[in-house]
Amino acid sequence: MKTRRVFSAPDINTAEEALNAAIRAGIRPDHTALVGQSAVEMALVPDSQKEASPTDFVPAALRGIAGGGAIGLLGGLLGMAIPAVAIPVTGVVLTTLVGATVGGWSAALAGSAVPSDIRRDYEKEIEAGRLLVVIDEEDETVLERASEAVAATGTERLKMVHHGLLH
């Protein structure tokens with residue numbers, strides 16, 4: 001499981017220096033990102049260094065597919081169990097697929113309007129004009145080495161914000 005570290009940089013030069021330090025320390029480029037105000041990102045941050053998804057679109061769609069599919073499956077099984085309805089097995093498959101499709105579509109629509117977890121969790125830092133340097137890594141040794149390298153560039157490591165029911 002990947003562990004995430006977030007650092008706050010005062011300007012684009014420090015942020016890019018920190019990002020390069022993380023990559024030199026062993027973090028894969030696709031496990032790094034720079035996050036900031038939209039105007040700053042558009043003008044200064046190269047596309048390859050931007051956050052993959054600035055919204056909750058994909059995670060929300062996946063949750064919707066799982067939830068909608070489960071509800072469709074339960075509905076189909078219930079219809080199959082009630083003799084008066086008598087839904088065949090193909091009907092159960094169809095209700096599951098329709099449930100997953102509708103659930104994924106509606107959740108993706110809702111998720112496209114919700115900022116990503118990084119943008120929600122560190123909104124005050126972003127609004128203050130600072131750039132966030134985000135690194136994700138599975139190997140704790142590499143993550144520690146990269147974190148030290150990033151901190152040495154003049155960034156400030158931010159405390160992780162835990163949210164949700166499981167934290």
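**Talking through helices, cores and a buried glycine**

Student: Where is the place of G36?

Tutor: You'll find G36 in the loop between β2 (32-35) and α2 (38-44). Bear in mind that this is a predicted model.

Student: What makes G36 count as buried?

Tutor: Set the value against the cut-off. G36 has a relative accessible area of 1%, and buried means under 20%. Since 1% is under 20%, G36 is therefore called buried. As for its surroundings, G36 and S8 are 28 residues apart in sequence, yet their C-alpha atoms are 9.8 Å apart in space.

Student: And how do you know that G64 is buried?

Tutor: It's the same kind of check. G64 lies in helix α3, and its relative accessibility is 9%. That is under the 20% limit, so G64 counts as buried.

Student: Which residues is G64 in contact with, leaving aside its neighbours within four places in sequence?

Tutor: Those are G69, A100, G103, G104 and A107. Also, the C-alpha atoms of G64 and T101 are separated by 8.3 Å, with their positions 37 residues apart along the chain.

Student: Why is α3 called roughly antiparallel to α4?

Tutor: Look at the angle. Helix α3 (residues 57-81) and helix α4 (residues 89-111) cross at roughly 150°, and their axes come within 6 Å. Angles over 145 degrees count as roughly antiparallel, so α3 gets that label relative to α4. The crossing of α3 past α4 is right-handed.

Student: What residues make the contact of α3 with α4?

Tutor: On the α3 side they include F57, G64, G68, G72 and M80, and on the α4 side they include V89, T95, G99, G103 and G111. By class, this contact has twelve nonpolar, eleven polar and no charged residues. Glycine is classed as polar here.

Student: Why is α1 called roughly antiparallel to α7?

Tutor: Helix α1 (residues 12-24) packs against helix α7 (residues 140-151) at an angle of about 155°, with the axes 8 Å apart. Because 155° is over 145, α1 is roughly antiparallel to α7. This crossing is right-handed. The contact itself is made by A18, A21 and A22 of α1 together with A146, A149 and V150 of α7.

Student: How do the residues of that contact of α1 with α7 divide into nonpolar, polar and charged?

Tutor: They come out as six nonpolar, no polar and no charged. The named residues are Ala and Val, and both of those types count as nonpolar.

Student: Which residues have the most contacts inside the largest nonpolar core?

Tutor: That core has 17 residues, and A15, I27, L34, V133 and I135 have the most contacts inside it. β1 (3-9), α1, β3 (131-137) and α7 are the elements that give two or more residues to this core. Its largest share, five residues, comes from α1. Another core lies apart from it, with nine residues, among them V6, V35, I118 and V134.

Student: What is V133 in contact with, neighbours within four places aside?

Tutor: Its partners include R5, F7, A15, A18, L19 and L34.

Student: How many helices and strands does the chain have?

Tutor: Seven helices and four strands. In sequence order the pattern is β-α-β-α-α-α-α-α-β-α-β. Buried residues make up 37% of the 167 residues. Among contacts between residues at least 6 apart in sequence, 79% join residues at least 24 apart.

Methods
Residues are numbered from 1 along each chain as its sequence is written. This is a predicted model: local features need pLDDT of at least 70, side-chain atom pairs count only at pLDDT 80 or more; totals for chains, interfaces and linings use all residues. Side-chain values use heavy atoms; hydrogens and water are left out. Axes are lines fitted to C-alpha atoms, for helices over the stretch in contact, and angles run from 0 to 180 degrees between N-to-C directions. Angles under 35 degrees count as roughly parallel, over 145 as roughly antiparallel, 65 to 115 as roughly perpendicular and the rest as oblique. A crossing is left-handed if the near helix is turned anticlockwise from the far one by less than a right angle, and right-handed if clockwise. Contact means heavy atoms within 4.5 Å. Buried means under 20% relative accessible area, exposed over 50%, partly exposed in between (1.4 Å probe, protein chains only). A nonpolar core is a set of buried Ala, Val, Leu, Ile, Met, Phe, Trp, Tyr and Cys residues joined through side-chain atoms within 4.5 Å.
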